Amino acid sequence: MLARKYLFPHVIEMNYQARRRLGVNVYLIDGGSEWALVDIGYLDSVDEIIELIRTMDFNLSACKMLIATHADADHIQGMAKAREVLKAKVGAHPSSVEAMETADEIMTYATIRAQNFHIPMPKCKVDVKLNEGDEIKIGDVKLQVWHTPGHTAGQLAFKLNNLLISGDNIYKDSCVGVIDAHHGSDLPDFIDSLKRILKDDSEYLLPSHGPVFRKDPKIVQKAIDRLTQYQHMADFGTCAVDWPLLEEWEAEVVSGKMPDFSKGK
Ligand SMILES: [Zn+2]
């Protein structure tokens, strides 16, 4: 039997447990009589993760749910296989269902044609729709479901006492999950989700990538400030809310005002 390495009471993270980088962070929520996984990662690592769980002496038939934080391939490519092997239910936000059930290669990020990037994306049935305010009971533990759109429309986070499993909302270096119009990113929603995290009383953030960290308002505020700027920058294309320079230019064009280079620099 393998010793369980708890990060916090009821929480094991499988990369830390395996002592190697498996991919996305995979949180095992141990409720005693039942357990659940938050994300599963790539198809390649499913067997190893399940084998680890078995050797940690968890009953494989006691998996309450396989939870998808959102429908990105790096988080859920292995979900259909895990669902089949564990005979467990898959839970996701309603906005993630179509991408998961049709294995939409754009929405799941399985294909980025311009970069010649492609990974197979198995279709995965979603058995349980997880909505804002829902509670997932896993043995003695209750996860509160937060809908935190922004990175994707279906991004979820989960509150467990003083912990927030925060998905792709924020990482330890203040970076956030990729902002991309094709995959449903929304800057105003993202800022609202970050403000909610900032206001919340959780002490630790358990993100989907990189280290688990103590919540520092400065880290979250830095991301809010950046995304607030992004809303008005051409760099973010159709994700930007507006582009003030273009509006000024249009007003000049319409009024017939020509650029004036006669004045000094
Ligand atoms: Zn991610």
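How many aromatic pairs does the count come to in this structure? The count comes to three aromatic pairs, and two of these are described below, after a short look at the chain as a whole in what is a predicted model.

## The chain as a whole

The protein chain holds eight helices and 15 strands, and its C-alpha trace spans about 80 × 40 × 35 Å along the principal axes. Of the 265 residues in the protein chain, 49% are buried. When contacts between residues at least 6 apart in sequence are considered, 62% of them join residues that are at least 24 apart.

## Aromatic rings and the charges over them

To return to the count, three aromatic pairs are found. One of them is formed by Trp35 and Phe58, whose ring centres are 6.1 Å apart and whose planes make an angle of 55°, so that the pair counts as tilted, since stacked pairs have planes under 30 degrees apart and edge-to-face pairs have planes over 60 degrees apart. This pair links distant parts of the chain, because Trp35 belongs to strand E4 (residues 35–38) while Phe58 lies in the loop between helix H2 (46–55) and strand E5 (63–67), 23 residues apart. Both Trp35 and Phe58 are buried.

Another aromatic pair is made by Tyr230 and Phe236, and here the rings are stacked, with 4.0 Å from centre to centre and 25° between the planes. Is Tyr230 buried or exposed? Tyr230 is buried, because its relative accessible area is 16% and the cut-off for burial is under 20%. Phe236, with a relative accessible area of 21%, is partly exposed, because this value lies between the limits of 20% and 50%.

Charged side chains also meet aromatic rings in this model. Phe58, already described as a partner of Trp35, has Arg4 lying over its face, at 3.7 Å from the ring centre. In a further case, the charged end of Arg196 sits over the ring of Trp146, at 4.0 Å from the centre of that ring.

## Two helix packings

The table sets out two pairs of helices.

| Helix pair | Axis distance | Angle |
|---|---|---|
| H6 (residues 187–199) and H7 (residues 217–230) | within 9 Å | roughly 165° |
| H2 and H4 (residues 79–86) | 10 Å | about 40° |

How do H6 and H7 run, roughly parallel or roughly antiparallel? With axes that cross at roughly 165°, H6 is roughly antiparallel to H7, because an angle over 145 degrees counts as such. The crossing of H6 and H7 is left-handed. Among the residues that make this contact are Leu187, Phe190, Ile191 and Leu194 of H6, and Val220, Ala223, Ile224, Leu227 and Tyr230 of H7; Tyr230 is also the ring that stacks with Phe236.

For H2 and H4, which pack at an angle of about 40°, the arrangement is described as oblique, and the crossing is right-handed. Here Val46, Asp47 and Ile50 in H2 meet Lys81, Ala82, Val85 and Leu86 in H4.

## A buried serine in a loop

Ser208 is found in the loop between strand E14 (204–207) and strand E15 (213–214). Although Ser208 is in a loop, it counts as buried, because its relative accessibility is 3% and burial requires a value under 20%. Leaving aside residues up to four places away in sequence, Ser208 touches Val24, Asn25, Asp39, Thr69, His75, Gly167 and Asp168.

Methods:
Residues numbered from 1 in each chain as written. Predicted model: local features only at pLDDT ≥ 70, side-chain atom pairs only at ≥ 80, totals over all residues. Heavy atoms only, no water. Phe/Tyr/Trp six-rings, centres within 6.5 Å; stacked < 30°, edge-to-face > 60°. Helix = DSSP H or I, 4+ residues; strand = E, 2+ residues; numbered from the N terminus. Buried < 20%, exposed > 50% of the residue type's maximum accessible area, 1.4 Å probe, protein only. Lys NZ or Arg CZ within 6 Å of the ring centre and 35° of its normal. Axes fitted to C-alpha atoms, helices over the stretch in contact; angles between N-to-C directions. Parallel < 35°, antiparallel > 145°, perpendicular 65-115°, else oblique. Left-handed = near helix turned anticlockwise from the far one by under 90°. Contact = heavy atoms within 4.5 Å.
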